[in-house]
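Let's work through some exercises together, one step at a time. Keep the picture in view as you read, and try each task before looking at its solution.

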Amino acid sequence: MDSYLKQICVHEECLHNMSRKKDPIELFHSGQLVKVCAPMVRYSKLAFRTLVRKYSCDLCYTPMIVAADFVRSVKARDSEFTTNQGDCPLIVQFAANDARLLSDAARIVCPYANGIDINCGCPQRWALAEGYGACLINKPELVKDMVKQVRNQVENPRFSVSIKIRIHSDLTRTVDLCRKAEATGVSWITVHGRTVEERHQPVHYEAIKIIKESMSIPVIANGDIRSLKEAENVWHMTGTDGVMVARGLLANPAMFAGYEETPLKCIWDWVDIALELGTPYMCFHQHLMYMMEKITSRQEKKVFNALSSTSAVLDYLTDHYGIDRSS
């Protein structure tokens with residue numbers, strides 16, 4: 001057993017607990033809005049997932065992990081994926097363009113997660129150049145093959161295999177892709193309502209609605225959701241089974257619990273969780289910069305963003321917000 005499997009902080013009791021917890025498929029059949037934390041490179045790691053779960057987030061994704069690196073490198077496994085007993089339900093998102101490598105990666109994480117997701121939506125140039133991400137929406141046969149291989153290799157029938165996509169300009173192509181994926185055994189589909197070329201243009205919620213109406217499996221809506229009210233509006237507007245949020249949660253990890261801006265208690269919780277889990281300073285500080293964006297003046301931001309140590313951050317929070325580091 002390599003050091004990844006030894007070091008990962010999961011044990012048999014966790015697996016027993018996970019088996020008793022609602023799996024994601026059951027969540028989607030509850031009839032309630034399923035609130036999902038998006039995969040975010042550098043950000044949706046264990047500490048942040050722990051925080052948003054305290055504030056009504058139902059399902060969390062890891063950051064996107066390149067399956068080939070994950071399978072071939074112990075170092076990549078140790079750095080890219082950590083979890084613990086309370087970190088479920090959990091979906092591990094992979095960037096992949098090879099069915100065998102993806103199924104190998106899925107087998108490695110299977111005991112520690114509820115499912116995997118194939119990234120078919122990342123529009124970044126490096127991902128497209130490697131044959132990952134959004135270029136896969138134009139390769140439905142490869143997507144089918146990857147889903148099939150994972151299904152064949154992972155013995156646990158409750159282990160989910162999902163995809164996250166962007167839409168085509170010609171929506172009939174997207175519907176066709178989704179139907180093929182559904183026929184191959186995809187558990188659910190997350191739809192970011194923009195094309196590969198679109199960045200900050202309005203989200204096409206109507207397109208997400210059409211896709212949902214064409215499917216029998218659950219569909220998650222994604223794109224520009226910044227509050228619980230917006231999440232509920234998109235849920236009703238699209239008829240989907242859940243909503244996935246990225247930047248809205250970075251700015252306000254308590255969003256799904258109905259807070260309009262990050263409450264001080266949430267900031268205190270982040271300090272507590274991040275220090276307990278040994279979060280690197282850069283990540284610890286960056287999350288606080290996002291969380292405090294709305295509640296700090298321009299001058300305060302200038303001072304806070306220039307801080308360069310954990311002790312300086314704790315002193316600042318104690319002085320300005322009465323957050324006592326001794327707690």
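**Exercise 1. Which residues of strand S9 (residues 242-245) are buried on each side?**

Step 1. Buried means under 20% relative accessible area, exposed means over 50%, and partly exposed lies in between (1.4 Å probe, protein chains only). Strands (E, at least two residues) and helices (H or I, at least four) are DSSP runs, numbered from the N terminus.

Step 2. On one side of S9, Gly 242 and Met 244 are buried, and on the other side Val 243 and Val 245 are buried, so both faces are covered. In a regular strand, side chains alternate between the two faces of the sheet.

A word on the source: this is a predicted model, where local features need pLDDT of at least 70, side-chain atom pairs count only at pLDDT 80 or more, and totals for chains, interfaces and linings use all residues. Residues are numbered from 1 along each chain as its sequence is written, and side-chain values use heavy atoms, with hydrogens and water left out.

**Exercise 2. Find the strands that pair with S9, and how many bridges join them.**

Step 1. Two strands pair if DSSP finds at least two bridges between them.

Step 2. Strand S1 (residues 34-37) pairs with S9 in the parallel sense over 4 bridges. Here Cys 37 has Val 245 as its bridge partner in S9.

Step 3. Strand S8 (residues 219-222) also runs parallel to S9, joined by 3 bridges. In this pairing, Asn 222 stands opposite Met 244.

**Exercise 3. Describe helix H10 (residues 171-184) and its surroundings.**

Step 1. H10 has 14 residues and reaches 20 Å from its first C-alpha to its last. That is close to the 20 Å expected at 1.5 Å a residue, where the expected span is 1.5 Å times one less than the number of residues.

Step 2. Among the buried residues of H10 are Leu 171, Val 175, Leu 177 and Ala 181.

Step 3. The cover over the buried residues of H10 includes helix H9 (140-153), strand S6 (160-166), S7 and helix H11 (205-213).

Step 4. Just after H10, Gly 185 takes a positive phi of about 110°.

**Exercise 4. Is His 192 buried or exposed, and what does it contact?**

Step 1. His 192 lies in strand S7 (residues 189-192). Its relative accessibility is 11%, so His 192 counts as buried.

Step 2. Contact means heavy atoms within 4.5 Å. Leaving aside neighbours within four places in sequence, His 192 is in contact with Lys 164, Ile 165, Arg 166, Ile 167, Asn 222 and Gly 223.

**Exercise 5. Place Arg 247 and find its partners.**

Step 1. Arg 247 is found in helix H13 (residues 247-251). With 43% relative accessibility, Arg 247 counts as partly exposed.

Step 2. Neighbours within four places in sequence aside, Arg 247 is in contact with Met 40, His 200, Asp 224 and Arg 226.

Step 3. The side chains of Arg 247 and Asp 224 make a polar contact (3.5 Å). A polar contact is a pair of N or O atoms within 3.5 Å; within protein, one must be able to donate a hydrogen and the other to accept it, and residues adjacent in sequence count only if both atoms are side-chain atoms.
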